[in-house]
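Welcome! Let's walk through a protein together, one question at a time.

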Amino acid sequence: RLPAPSVVRGWGGAMLMREKVMARAPVTAHSLTGGRGGGRGRGQASSRFSPVRGMGSPPAFMALACLSMAAASTGGEGSMNLHDAMVVDQDGHKMRLEDAAKGRTVGLYFAGEWCPMCRSFTPKLKEFFNEKAQDKQTGNQRATIVFVSSDFSKEAADSHFRNQGNWLYLDYDSPLRQQLKQKFRIWGGMESSSLGFDRRSGIPGMVVIGRDGNEITYMNTESKGVKALEAWNLDSNAW
């Protein structure tokens, strides 16, 4: 069995594939499309892993490589200016995120109402927020959440947000909505056709971010549920 090709990020956020077995047994089209073993099928031509060789690469592999390249092209590292991002509160008031989050630590909440795990997790997140977000001694709000929708229409996202807690909702039509998913590599499985397969988790997912838009703490709420929220330090990294 041949070792899997390694994937590294390169210039411009594109995906560069490096073949680990340069001069050894070639990978066959048969082995890429469900045939048993890694050997050459009888009567079938061999083809090496190489998404940049165009026509010489297996079609199935090329399709997956193109989707991954598209997903990576706008993601990756680097600060993102979220200060002027428009958010909405539960009363329908629009404001800049910088104004709404001033003095508070900010967590992004990636979710979609079509997702059963999100519907189960949101009430627990709401309970956590109601209990922890306000400083009990001073009464000041020390945290806020920004909902980043994975719903498939603005109407569905608006309805979804109304059933959430007393936090904020990133404008559905903002290009930042998709850019944040790609930057932090969190999106729903049903979004993979447009965002690709290079994600680290599905939804629900949460990330605490700093004023520069970069990640401070990743909370894998998809697999750990409400227990993942223990990693959120509510007393630091205020905007």
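Throughout, buried means under 20% relative accessible area, exposed means over 50%, and partly exposed is in between, using a 1.4 Å probe and protein chains only. This is a predicted model, in which local features need pLDDT of at least 70 and side-chain atom pairs count only at pLDDT 80 or more, while totals for chains, interfaces and linings use all residues. Residues are numbered from 1 along each chain as its sequence is written, and side-chain values use heavy atoms, with hydrogens and water left out.

Q: Is E230 buried or exposed, and what is its relative accessibility?
A: E230 meets K227 in a salt bridge, with N and O 3.7 Å apart; such a bridge is a side-chain nitrogen of Lys or Arg within 4 Å of a carboxyl oxygen of Asp or Glu. Its partner K227 is exposed, with a relative accessible area of 55%. E230 counts as exposed too, at a relative accessibility of 60%.

Q: How many salt bridges does the structure hold?
A: Besides the pair K227 and E230, some salt bridges share partners and join D84, R96, E98, D99 and R211 into one network. For the structure, the count of salt bridges is 10.

Q: How many residues apart are the salt bridge partners R142 and D235?
A: The side chains of R142 and D235 meet at 2.7 Å, N to O. R142 sits in the loop between α4 (116–132) and β6 (143–149), and D235 in the segment after α8 (221–224); helices (H or I, at least four residues) and strands (E, at least two) are DSSP runs, numbered from the N terminus. R142 is partly exposed at 21%, whereas D235 is exposed at 59%. The pair links distant parts of the chain, and the separation is 93 residues.

Q: Is D198 buried or exposed, and what is its relative accessible area?
A: D198 forms a salt bridge with R185, with the closest N and O atoms 3.7 Å apart. D198 lies in the loop between α7 (192–195) and β8 (205–209) and R185 in the loop between α6 (176–184) and α7, so the bridge ties together parts 13 residues apart in sequence. R185 is partly exposed at 28%. D198 is buried, with a relative accessible area of 19%.

Q: Which residues have the most contacts inside the largest nonpolar core?
A: A nonpolar core is a set of buried Ala, Val, Leu, Ile, Met, Phe, Trp, Tyr and Cys residues joined through side-chain atoms within 4.5 Å. In soluble globular proteins, nonpolar side chains tend to be buried together. Here the largest such core has 47 residues, and those with the most contacts inside it are L97, Y109, F110, L125, L180, M206 and W232.

Q: Which residue in β6 stands opposite F110?
A: Strands β5 and β6 run parallel and are joined by seven bridges; two strands pair if DSSP finds at least two bridges between them. Leaving aside neighbours within four places in sequence, the contacts of F110 (heavy atoms within 4.5 Å) include L180, F184 and I203. The residue of β6 opposite F110 is V148.

Q: How many of the residues of β6 are buried?
A: In a regular strand the side chains alternate between the two faces of the sheet. A143, I145, F147 and S149 point one way from β6, while T144, V146 and V148 point the other way, and all are buried. The strand is largely enclosed by the rest of the structure, because the buried residues number seven of the seven.

Q: What arc do the buried residues of α5 cover around the axis?
A: In helix α5 (residues 154–162), A157, H160 and F161 are buried. Their directions from the helix axis are taken to the C-beta atoms, and they lie on the same side of α5, because they cover an arc of only 95 degrees.

Q: Which exposed residues does the face of α5 turned away from its buried side carry?
A: The cover over the buried residues of α5 includes β3 (86–88), β5 (105–111), α4, β6 and β7 (168–170). The face turned away from that buried side carries the exposed residues E155 and R162.

Q: Which residue in β9 stands opposite M206?
A: Strand β9 (residues 215–219) runs antiparallel to β8, and four bridges join them. In their hairpin, with five residues between the strands, G213 takes a positive phi near 85 degrees. Across from M206 stands M219.
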